[in-house]
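Here is a short set of exercises to work through with the model open beside you. Try each task yourself before reading the solution.

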Amino acid sequence: LERYGVVFRELLERELPALQWPRVFRALRLMELGGEVVAGQFFRGVPGLQFASHAALRRLVEGVPEDRVWWVNATDPASPCGLGLDGLGQLPRRVPTSHLVFHGHRLVVASERRGRSLEVRVGPDHPKLADYLGFLKVLLARAVPPAKAVVVETINGEPAASGPYGQAFAALFHTTRDASSLRLMRRY
């Protein structure tokens with residue numbers, strides 16, 4: 001519960017055997033009876049019983065501010081990637097080279113293969129597009145180890161170099177292009 005906030009069967013399938021659902025369920029039920037956790041249906045599309053810490057329940061009630069832009073690596077415990085749940089839509093594989101960008105609760109960008117393949121769910125003139133692409137700036141400028149470049153091969157299934165997003169990327173990064181891809185580098 002400290003790691004996830006809300007726990008359910010599908011979430012624990014990736015855990016070590018000692019932390020998988022059959023072994024944890026009984027303890028969670030006892031914790032519920034003792035008032036340490038709350039049981040219920042917190043997320044639609046997740047079958048079966050879910051357990052939440054009191055802190056997580058407070059966060060769920062407060063909700064995610066709809067004006068907040070945030071991103072997560074696909075392997076982060078908070079990521080919905082790889083859970084195989086209905087209602088989440090097509091998500092990238094749960095690997096370290098994939099990222100998700102949200103605006104509030106809405107998925108706006110999905111990145112695979114360190115940015116080589118992007119699914120951008122807003123138009124190239126969207127006023128928040130620069131915020132949505134901020135995770136690419138982090139990949140290029142983080143302290144350990146920054147990428148020298150991000151090569152974007154496709155955006156929404158089309159070659160990145162000839163697509164409508166080129167100007168938006170050029171405003172944020174030092175860009176070069178070849179026949180089909182955009183090479184993004186840190187702008188100083």
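**Exercise 1. The whole chain**

What percentage of the 188 residues of the protein chain count as buried? Then describe the chain's secondary structure, extent, surface and charges.

Solution. Keep in mind throughout that this is a predicted model.
- Step 1: the buried share is 38% of the 188 residues.
- Step 2: going through the secondary structure gives 6 helices and 12 strands.
- Step 3: along the principal axes, the C-alpha atoms fill a box of roughly 60 × 35 × 30 Å.
- Step 4: turn to the surface, where the chain exposes about 11100 Å². Carbon and sulfur atoms supply 53% of that area.
- Step 5: take the contacts with a separation of 6 or more; residues 24 or more positions apart account for 46% of them.
- Step 6: find the mean position of the 25 positive charges and that of the 18 negative charges, and you will see that they are 6 Å apart.

**Exercise 2. The nonpolar cores**

Which residues touch the most other members of the largest nonpolar core, and which helices and strands each supply at least two of its residues?

Solution.
- Step 1: the largest core has 24 residues, and Leu 136, Phe 169 and Leu 184 touch the most other members.
- Step 2: sort the contributors by type. The helices that each give at least two residues to this core are H4 (129-132), H5 (134-141) and H6 (166-172). The strands that do so are E6 (106-112), E7 (117-120), E8 (150-152) and E12 (182-185).
- Step 3: H5 provides the largest share of this core, with 4 residues.
- Step 4: look around Leu 136, leaving out residues up to four places away in sequence. Leu 136 touches Gly 115, Leu 118, Val 150, Phe 169, Phe 173 and Leu 184. Phe 169 and Leu 184 thus appear again, having already been named with Leu 136 in the core.
- Step 5: now look for another core. A second, separate one has 16 residues, including Tyr 4, Val 24, Leu 28 and Val 46.

**Exercise 3. Two buried polar side chains**

Where do His 103 and Ser 53 lie, and which backbone atoms do their side chains approach?

Solution.
- Step 1: place His 103 in strand E5, residues 99-103. His 103 counts as buried because its relative accessibility is 13%, and the cut-off is under 20%.
- Step 2: a polar atom of the His 103 side chain lies 3.3 Å from the backbone oxygen of Glu 66.
- Step 3: list the contacts of His 103, setting aside neighbours within four places in sequence. They are Glu 66, Asp 67, Arg 68, Val 69, Val 108, Lys 128 and Tyr 132.
- Step 4: move to Ser 53, in strand E3 (residues 50-53). Its relative accessible area is 16%, so Ser 53 is buried.
- Step 5: the Ser 53 side chain reaches the backbone nitrogen of Ala 56 at 3.1 Å. Beyond residues up to four places away in sequence, Ser 53 touches Leu 1 and Gly 5.

**Exercise 4. Positive phi values**

In which loops do Arg 114 and Asn 156 sit, and is each one buried, partly exposed or exposed?

Solution.
- Step 1: Arg 114 belongs to the loop between E6 and E7. Its phi is near 55 degrees, a positive value in a residue other than glycine.
- Step 2: Arg 114 counts as exposed because its relative accessibility is 56%.
- Step 3: Asn 156 is in the loop between strand E9 (154-155) and strand E10 (158-159). Phi of Asn 156 is near 55 degrees, again positive in a residue that is not glycine.
- Step 4: with a relative accessible area of 36%, Asn 156 is partly exposed.

**Exercise 5. Distance in sequence and in space**

How far apart are the C-alpha atoms of Glu 2 and Ala 56, and those of Pro 124 and Gly 48?

Solution.
- Step 1: start with Glu 2, in the segment before strand E1 (6-7). Glu 2 counts as exposed because its relative accessibility is 83%.
- Step 2: Glu 2 and Ala 56 are 54 residues apart in sequence, and their C-alpha atoms are 9.0 Å apart.
- Step 3: Pro 124 is in the loop between E7 and H4 and counts as partly exposed, at 35% relative accessibility.
- Step 4: Pro 124 and Gly 48 are 76 residues apart along the chain, with 40 Å between their C-alpha atoms.
- Step 5: for the surroundings of Pro 124, leave out residues up to four places away in sequence; Pro 124 then touches Leu 129, Pro 164, Tyr 165 and Ala 168.

Methods
Residues are numbered from 1 along each chain as its sequence is written. This is a predicted model: local features need pLDDT of at least 70, side-chain atom pairs count only at pLDDT 80 or more; totals for chains, interfaces and linings use all residues. Side-chain values use heavy atoms; hydrogens and water are left out. Buried means under 20% relative accessible area, exposed over 50%, partly exposed in between (1.4 Å probe, protein chains only). Contact means heavy atoms within 4.5 Å. Accessible areas come from the Shrake-Rupley method with a 1.4 Å probe; for residues, only the protein chains shown count as cover. Lys and Arg count as positive and Asp and Glu as negative; His and the chain ends are not counted. The place of a charge is taken as NZ of Lys, CZ of Arg, CG of Asp or CD of Glu. A nonpolar core is a set of buried Ala, Val, Leu, Ile, Met, Phe, Trp, Tyr and Cys residues joined through side-chain atoms within 4.5 Å. A polar contact is a pair of N or O atoms within 3.5 Å; within protein, one must be able to donate a hydrogen and the other to accept it, and residues adjacent in sequence count only if both atoms are side-chain atoms.
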